[in-house]
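Hi,

Here is the structure I said I would pass on. Have a look, and then read my notes below.

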Amino acid sequence: MTDLTLMTFSHDPASVLPSLALLSHRVRVLPMDAASLVKMPENTILFLDGRDDLATAKTLCRLIHASGLSTPIVLVLTEGGFTVVNAEWGVTDVVVASASPAEVEGRLRLVAERGAANVVAASSGAPANDEQEDGLIRCGDLVVDTNGYTANLRGIPIDLAYKEFELLKYLVQHPGRVFTRAQLLQEVWGYDYYGGTRTVDVHIRRLRAKLGGEYEHVIGTVRNVGYRFDPPEEDEERAQAQQAAGKAKPKKD
């Protein structure tokens, strides 16, 4: 049994892909909007209803990838929709709404197998963000000790409250991934926290202040979405490249 999520505007979810009702999988139904991304479990296969609103479906595909989510996307289309979709959408597979149960089951199996292969390949690579076995994550001059619950910048300890550290730790563990405020509230504060998303903004502001003027930019704001950790090494490499390019320019007479 596979955990599936169906995003649709339809008042009758069973009409989107009727074959799903004949298969023995758990199907969670969510509306087609950005807020639903927070409600998706981590290990699910997303069926995205693109039958009547391809523009919204494409926007959601882009938002999923911009957020760094690795959720497999199966796009549900009408026959005419195939003329619009291309590789830039970043979907894992497409299926016509009238597909038989055998076809849907086969596509699900292939999607799940590809996902498992990607996990194995990723696990054989180097740890992301230079995280070591001792729990240290080094990002330029910023060092976060996930075991000792401390952080320092150029060897100088940063005085962080518990939730400030948890927020920083979570962000540096997922470099380049965009998180909505609701996602951060869920992951850092937990399901049982009843405060509003403004709590996230307050803690982000405090974190930036404690990182100082030179490093506050590593916690970037993605307008209308949320926040992202941008490793400082990228800025250093960019500056070095620009400096090298400047030296390479011929002098004018």
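The weak spots come before anything else: pLDDT (the predictor's confidence in each residue, from 0 to 100) stays under 50 over residues 248-253. The model has 0 contacts there beyond four places in sequence, a contact being heavy atoms within 4.5 Å. As for the chain, its mean pLDDT is 80, and 81% of the residues reach 70 or more. Another stretch to treat with care is 119-128, where pLDDT is below 50 and the model shows 0 contacts beyond near neighbours in sequence.

Some housekeeping: this is a predicted model, so I kept local features to pLDDT of at least 70 and side-chain atom pairs to pLDDT 80 or more, while totals for chains, interfaces and linings use all residues. Residues are numbered from 1 along each chain as its sequence is written, and side-chain values use heavy atoms, with hydrogens and water left out.

Now the sheet. Five strands form an open sheet in the order β2-β1-β3-β4-β5, with parallel pairing. Helices (H or I, at least four residues) and strands (E, at least two) are DSSP runs, numbered from the N terminus, and two strands pair if DSSP finds at least two bridges between them. β2 (26-30) and β5 (93-96) are the edge strands, each pairing on one side only. From one strand to the next, the twist averages 25°. Helix α2 (residues 54-66) packs on this sheet, touching β1 (3-7), β3 and β4, and its direction makes about 175° with that of β4; axes are lines fitted to C-alpha atoms, for helices over the stretch in contact, and angles run from 0 to 180 degrees between N-to-C directions.

Look at Thr5 in β1. Thr5 is buried, at 0% relative accessible area (buried means under 20%, exposed over 50%, partly exposed in between, with a 1.4 Å probe and protein chains only). Its side chain makes polar contacts with the side chains of Arg28 at 3.4 Å and Thr44 at 3.0 Å. By polar contact I mean N or O atoms within 3.5 Å; within protein, one must be able to donate a hydrogen and the other to accept it, and residues adjacent in sequence count only if both atoms are side-chain atoms.

Finally, the largest nonpolar core (buried Ala, Val, Leu, Ile, Met, Phe, Trp, Tyr and Cys joined through side-chain atoms within 4.5 Å) has 28 residues. Its largest share, 6 residues, comes from α4. Apart from it lies another core of 21 residues, including Met32 and Leu77.

Cheers
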